[in-house]
Amino acid sequence: MKLRKLGLTGLWLSLTCSMPAWSQAVDPNLGRNLAANCANCHGTNGVSVGGMPALAGQSRDSLARAMKEFREGKRPATIMHQLSKGYSDEQIDLIAAYLSAQKAR
Ligand code: HEC
C-alpha cells in the first residue's frame with residue numbers, strides 16, 4: 001500500500017517535472033507541419049490552385065480569427081467548422097503565423 005502510494009507520487013513528480021522541459025522544446029517547424037494539414041484543400045503553403053480560398057499571405061490575425069470563428073460555429077462553413085475543432089488556440093496561432101508569412105502567388 002505504502003509502496004503503491006510512493007510509486008504514484010514518483011509518477012506524478014516525473015510528469016510534472018518534465019513538463020517545463022517539454023514546453024520549452026517546441027519544434028520550430030511545428031507551424032509548418034500543422035499547416036501541411038491544410039495543403040490538400042488550400043494548396044501547398046496555402047497557395048491555392050483555384051476553387052479554394054488562398055491562405056498564404058492573409059494576415060495572421062484574420063487567419064486565426066477565421067479558424068476560431070469556425071471552431072465556435074460563428075462563421076458559416078461546410079467543412080471548416082469540423083476541421084477547426086481539432087486545433088488548440090496555440091496550434092491555430094502557429095498555423096496562422098506560418099501561413100501569413102507565405103508568399104501569395
Ligand atoms: C477538406 C478540405 C479543407 C481542408 C483540409 C482545410 N480547409 Fe480551410 N476551407 C475549406 C473550405 C471548403 C472553406 C470554405 C468554408 C467552408 O465551406 O467550410 C475553407 C475556408 C477556410 C478559411 C477562410 C478563408 C477565407 O478567406 O474566407 C480559412 C482561414 C481556412 N479555411 C483555414 C484552414 C486551415 C488553417 C486549414 C488547416 C488546418 C484548413 N483550412 C484545412 C476546406 C478545407
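Three helices each contribute at least two residues to the shell around the ligand: H3 (39–42), H4 (60–71) and H5 (80–84). The model described here is a predicted one. In total, 16 residues surround the ligand, and the closest of them are Cys 38, Cys 41, Ala 77, Thr 78 and Met 80. Sorted by class, the shell comprises 12 nonpolar residues and four polar ones, with no charged residue.

Turning to the fold as a whole, the protein has six helices and zero strands. Followed along the sequence, the pattern reads α-α-α-α-α-α. The protein has 105 residues, and 18% of them count as buried. Among contacts with a separation of 6 or more, 58% join residues that are 24 or more positions apart. Some of these elements can be followed residue by residue, beginning with a pair of helices.

Two packed helices are described by the angle between their axes and by the distance between those axes. For H4 and helix H6 (residues 89–100), the axes come within 8 Å and cross at roughly 140°. Because angles over 145 degrees would be needed for a roughly antiparallel pair, H4 is oblique to H6. The crossing of these two helices is right-handed. On the H4 side, the contact is made by Arg 60, Leu 63, Ala 64, Met 67 and Lys 68, and on the H6 side by Ile 92, Asp 93, Ala 96, Ala 97, Leu 99 and Ser 100. Taken by class, the contact of H4 with H6 has seven nonpolar residues, one polar residue and three charged residues. H4 thus appears twice in this account, as a supplier of residues to the ligand shell and as a partner of H6.

Helix H6 also holds two residues whose contacts lead back to an earlier part of the chain. Leu 94 is found in H6 and counts as buried, because it has 22 C-beta neighbours inside 10 Å and the cut-off is 20 or more. Leaving aside neighbours within four places in sequence, Leu 94 is in contact with Leu 30, Gly 31 and Leu 34. The C-alpha atoms of Leu 94 and Leu 34 are 8.0 Å apart in space, although the two residues are 60 residues apart in sequence. Ile 95 is likewise found in H6 and is buried, with 26 other C-beta atoms within 10 Å. When residues up to four places away in sequence are not counted, Ile 95 touches Gly 31, Leu 34 and Ala 35. Gly 31 and Leu 34 are therefore contacts of Leu 94 and also of Ile 95. From Ile 95 to Arg 32, the C-alpha to C-alpha distance is 6.9 Å, across 63 residues of sequence.

The loop between H3 and H4 offers a contrast in burial. Asn 45 is found in this loop and counts as buried, with 21 C-beta neighbours inside 10 Å. The backbone of Asn 45 also deserves a look: phi is near 55°, a positive value in a residue other than glycine. Pro 53 lies in the loop between H3 and H4 too, but counts as exposed because it has 12 C-beta neighbours inside 10 Å, and 12 or fewer is the limit for that class. Beyond its neighbours within four places in sequence, Pro 53 is in contact with His 42 and Ser 48. The C-alpha atoms of Pro 53 and His 42 are separated by 6.5 Å, with the two residues 11 residues apart along the chain.

Further along, the loop between H4 and H5 is the place of Glu 72. Glu 72 is exposed, having 11 other C-beta atoms within 10 Å. Its C-alpha atom is separated by 8.2 Å from that of Lys 85, which is 13 residues apart from Glu 72 along the chain.

Key:
Residues numbered from 1 in each chain as written. Predicted model: local features only at pLDDT ≥ 70, side-chain atom pairs only at ≥ 80, totals over all residues. Helix = DSSP H or I, 4+ residues; strand = E, 2+ residues; numbered from the N terminus. Contact = placed C-beta atoms within 7 Å. Near = placed C-beta within 6 Å. Nonpolar A, V, L, I, M, F, W, Y, C, P; charged D, E, K, R; others polar. Axes fitted to C-alpha atoms, helices over the stretch in contact; angles between N-to-C directions. Parallel < 35°, antiparallel > 145°, perpendicular 65-115°, else oblique. Left-handed = near helix turned anticlockwise from the far one by under 90°.
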